[in-house]
Amino acid sequence: TNAATVAADFFGVYHGIIGPGITAGVSGPQNPPFVGLETNNTAMQFSYATNSILTIPTLNVNTNTVTITGWINPTGIQADWAGVVFCRGASTAAGLNFSGGGISDELRYTWNGVRFDVSTGLNVPTNQWSFFALVVSPAGATVYLGTNGVLRSFTDSLGLTSQAFDAPLLIGYDAGTASRLFKGRIDEVAFYNRALSLTQIQQLYITGAG
């Protein structure tokens with residue numbers, strides 16, 4: 001809710017800290033048109049400031065089967081390598097991020113500090129809500145982007161080792177450099193310690209978007 005300082009973990013263990021630069025309780029993806037969500041559903045507004053970060057406690061999952069999902073609504077062109085949901089520290093560098101190097105607003109992933117420079121072709125539209133997902137398994141990773149009723153994906157087929165997630169999980173920031181801050185709204189973030197199937201990802205998007 002607005003003016004909250006704690007982001008509730010619906011599983012009940014990993015409550016997050018809302019940075020003072022975040023505006024909580026802004027309009028999220030709502031019904032209509034997103035029929036699977038509440039008519040008054042709210043989200044977090046990130047302002048591209050050093051205190052505009054949502055910090056989740058260290059997960060310590062140590063696995064290469066992970067799924068991260070959520071909804072995103074960027075404001076304008078994002079900073080190079082801006083973090084969406086990212087863990088960097090100790091032995092981990094993994095998560096969802098934007099592109100850099102002159103390529104604007106392409107959704108990418110990083111795992112074990114690499115693959116961030118691999119183009120996905122998944123450009124996130126600004127000022128509207130899109131569904132995102134990253135699914136990691138030992139055989140590779142798939143990044144999903146659902147917009148306007150269409151779910152697109154990019155698959156990176158290669159062997160991926162385990163990541164410990166032994167540092168805080170940050171929403172709206174990658175701690176690699178101070179400028180990797182997200183600007184816009186994020187909502188409904190979920191972290192799974194297993195790789196969801198294509199059918200399960202499709203069902204999440206269909207249920208939310210209708």
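In this predicted model, V26 stands opposite A43 of strand β4. The pair belongs to a junction of two strands: β3 is joined to β4 (residues 42-47) by four bridges. These two strands run antiparallel.

Both strands are part of an open sheet of seven strands. The order is β3-β4-β14-β6-β10-β11-β12, with antiparallel pairing. Strands β3 (23-27) and β12 (150-157) stand at the edges. Each has a single partner strand, so one side of each lacks a neighbour in the sheet. From one strand to the next, the twist averages 30°.

Helix α1 (residues 198-209) packs on this sheet. The helix touches β6 (66-74), β10 (130-137), β11 (140-147), β12 and β14 (183-192). The direction of α1 makes about 30° with that of β6.

The length of α1 can be checked. The helix has 12 residues, and at 1.5 Å a residue these should span 16 Å. The expected span is 1.5 Å times one less than the number of residues. The end C-alpha atoms of α1 are 16 Å apart, which agrees.

Four residues of the helix, I201, Y205, G208 and A209, are buried. They cover an arc of only 90° around the axis, which puts them on the same side of α1. The buried residues of α1 pack against β6, β10, β11 and β12. Just after the helix α1 comes G210, with a positive phi of about 75°.

How values were computed:
Residues numbered from 1 in each chain as written. Predicted model: local features only at pLDDT ≥ 70, side-chain atom pairs only at ≥ 80, totals over all residues. Heavy atoms only, no water. Pairing = 2+ DSSP bridges. Axes fitted to C-alpha atoms, helices over the stretch in contact; angles between N-to-C directions. Contact = heavy atoms within 4.5 Å. Buried < 20%, exposed > 50% of the residue type's maximum accessible area, 1.4 Å probe, protein only. Arc of directions from axis to C-beta.
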